[in-house]
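The exercises below are to be worked with the sequence and the coordinates at hand. Each task is followed by a solution in steps.

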Amino acid sequence: MIIIMERNATKVQIQRVIDFLKDNDFQVRRNVGEIHTVIDAIGDKTTITPGRLAAFEGVKEVKVIREPFRLASRDRNPEDTVIEFKNGVKIGGNNKPVFMVGPCSVEADYDGLLEIATAAKEMGCEFLRGGAFKPRTSPYDFQGYGEKALQFMKRASEATGLLTVSEVMDASDLPMMLDYIDVLQIGARNVQNFKLLHAVGKCNKPVILKRGLASTIREFLLAAEHIMYNGNMQVILCERGIRSFDNAFTRNVMDIASIPVIKKYSHLPIIIDPSHGTGQRYLIEPLAKAGLVVGANGVMMEIHNDPENALSDGKQSLPLPMFKEVMTRINKFTNNLRYEEQCLSANVK
Ligand code: PEP
Ligand code: MN
């Protein structure tokens with residue numbers, strides 16, 4: 001840590017900070033500049049936090065050299081995290097990107113879900129996604145079919161061999177959900193629901209953590225840290241766009257740069273969700289490709305057998321014939337890209 005003292009900090013104030021640090025086993029060096037005294041301090045920041053030092057009289061600013069997300073940071077863990085699923089599918093590192101596709105919400109019609117899952121399997125996707133508990137802006141919108149939807153997901157998984165992803169909104173649902181699905185999703189609206197993060201942190205299941213509507217990259221990585229701190233290291237980050245001032249043509253602003261930035265600062269796998277990132281069907285393919293170019297380890301996309309009658313997010317869901325065309329092109333693109341992509345991700349580390 002570097003503690004910058006105010007221009008007019010008194011000798012007593014400076015000495016109080018130094019004594020406090022020394023009493024707490026920090027190694028301290030005082031640098032007296034022309035205007036400011038700057039104190040370098042090396043020690044354990046778990047109890048003596050920058051915020052605590054900032055409260056001392058005469059302290060202007062406290063700067064931290066290491067990022068506060070310890071477990072998620074590449075500084076401490078330089079190797080990419082690779083998560084392996086029960087059927088041998090791997091995500092992260094130099095493994096080929098994975099595809100997680102499915103409806104926004106699992107609906108009442110199992111045959112529809114099976115049709116979606118069969119198309120996903122046919123196109124080489126590894127995961128079926130589908131919401132059972134839906135975080136909706138309005139209480140009047142469809143809230144999800146809960147456990148029945150998860151039963152459908154499990155049946156579709158058994159029929160196709162796909163792994164399954166579904167969002168958890170309440171920690172009390174976790175024991176039930178763990179029986180049905182392979183990956184837990186924390187949605188954008190719950191990225192700072194710390195009790196929920198702690199609860200999934202205590203589970204032995206991979207977690208997809210979505211970036212919050214207004215999360216900074218640092219806050220996003222600290223949310224991952226909450227899960228990891230509780231013991232679960234199997235975290236997959238998901239960039240799904242952020243709120244900004246311009247929503248005239250897109251639902252969110254797809255922050256493509258966050259992907260290589262996060263890969264530089266964290267070893268965790270990261271996927272892109274252009275469906276929620278843009279809210280527009282026609283933008284899914286180009287943004288999925290853009291995400292893959294900058295090193296995404298996978299893509300999440302919403303697809304539907306009957307988007308016009310979907311209970312949520314029909315507008316951004318690819319109808320199955322379009323999905324098959326898009327996926328054919330993305331698969332070709334991915335194969336060509338793999339070499340370049342590996343070079344790119346190697347460069348940002
Ligand atoms: C979803 O994946 O269906 C979803 C609700 O996404 P987000 O949390 O990113 O809005
Ligand atoms: Mn959705």
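**Exercise 1. Find how far apart the C-alpha centres of domain 1 and domain 2 lie in this predicted model.**

Solution. Start with the bounds: domain 1 covers 2-63 and domain 2 covers 83-348. Next, take the C-alpha centre of each domain; the two centres are 44 Å apart. For scale, the C-alpha trace of the chain spans about 75 × 45 × 40 Å along its principal axes. The chain has 349 residues, 52% of which count as buried, and its secondary structure amounts to 11 helices and 15 strands.

**Exercise 2. Describe how strand E2 is paired and state how many of its residues are buried.**

Solution. Strand E2 takes in residues 27-32 and strand E3 residues 37-42. The two pair in the antiparallel sense, with 6 bridges. The connection between E2 and E3 is a hairpin of 4 residues. Within the pair, arginine 29 faces aspartate 40 of E3. For burial, apply the cut-off of under 20% relative accessible area. Among the 6 residues of E2 the count of buried residues is 0, so the strand is hardly covered.

**Exercise 3. Identify which residues coordinate the manganese ion (ligand 2), and work out which parts of the chain the pair His276 and Asp313 ties together.**

Solution. Collect the donors first: Cys104 through SG, His276 through NE2, Glu302 through OE and Asp313 through OD, at 2.0 to 2.4 Å. Written along the sequence, the donor spacing is C-x171-H-x25-E-x10-D. Now place two of these donors in the secondary structure. Histidine 276 belongs to helix H9 (residues 274-278), while aspartate 313 sits in the loop between strand E14 (298-304) and strand E15 (318-319), so this pair ties together parts that are 37 residues apart in sequence. Last, check burial: histidine 276 and aspartate 313 are both buried.

**Exercise 4. Give the volume and the lining of the largest pocket and of the second largest pocket.**

Solution. Take the largest pocket first. Its space is about 370 Å³. The lining has 22 residues, and Pro135, Arg189, Arg251, His276 and Asp313 lie nearest the centre. By class, this lining holds 4 nonpolar, 6 polar and 12 charged residues. Two of the residues nearest the centre, His276 and Asp313, also coordinate the manganese ion (ligand 2).

The second largest pocket holds about 320 Å³. Its lining has 13 residues, with Thr46, Pro68, Arg70, Leu222 and Glu225 nearest the centre. Helix H7 (residues 217-229) supplies the largest share, 4 residues. The classes here are 4 nonpolar, 3 polar and 6 charged.

**Exercise 5. State how many cavities of 30 Å³ or more there are, and characterise the lining of the second largest cavity.**

Solution. The count comes to 2 cavities at that threshold. The second largest cavity has a volume of about 40 Å³. The residues that line this cavity are Cys104, Arg129, Gly130, Gly131, Lys134, Val165, Ser166, Glu167 and Gln185. Strand E9 (residues 163-167) contributes the most, with 3 residues. Sorting the lining by class gives 2 nonpolar, 4 polar and 3 charged residues. Finally, compare with Exercise 3: Cys104 lines this cavity and is also one of the donors to the manganese ion (ligand 2).

Key:
Residues are numbered from 1 along each chain as its sequence is written. Chains are lettered from A and ligands numbered from 1 in the order in which they are written. This is a predicted model: local features need pLDDT of at least 70, side-chain atom pairs count only at pLDDT 80 or more; totals for chains, interfaces and linings use all residues. Side-chain values use heavy atoms; hydrogens and water are left out. Buried means under 20% relative accessible area, exposed over 50%, partly exposed in between (1.4 Å probe, protein chains only). Two strands pair if DSSP finds at least two bridges between them. Domain bounds come from an automatic or database domain assignment. On a 1 Å grid over the protein atoms alone, a cavity is a set of points where a 1.4 Å probe fits but cannot get out, and a pocket is an open set with protein on both sides within 12 Å along at least five of seven lines; lining residues have an atom within 4 Å of a point. Grid points are joined across faces, edges and corners, and a volume is the space filled by probe spheres set on the points. Ala, Val, Leu, Ile, Met, Phe, Trp, Tyr, Cys and Pro count as nonpolar, Asp, Glu, Lys and Arg as charged, and the others, Gly among them, as polar. Donors are N, O and S atoms within 2.8 Å of the metal (3.2 Å for Na, K and Ca); water is not among the atoms, so sites may look incomplete.
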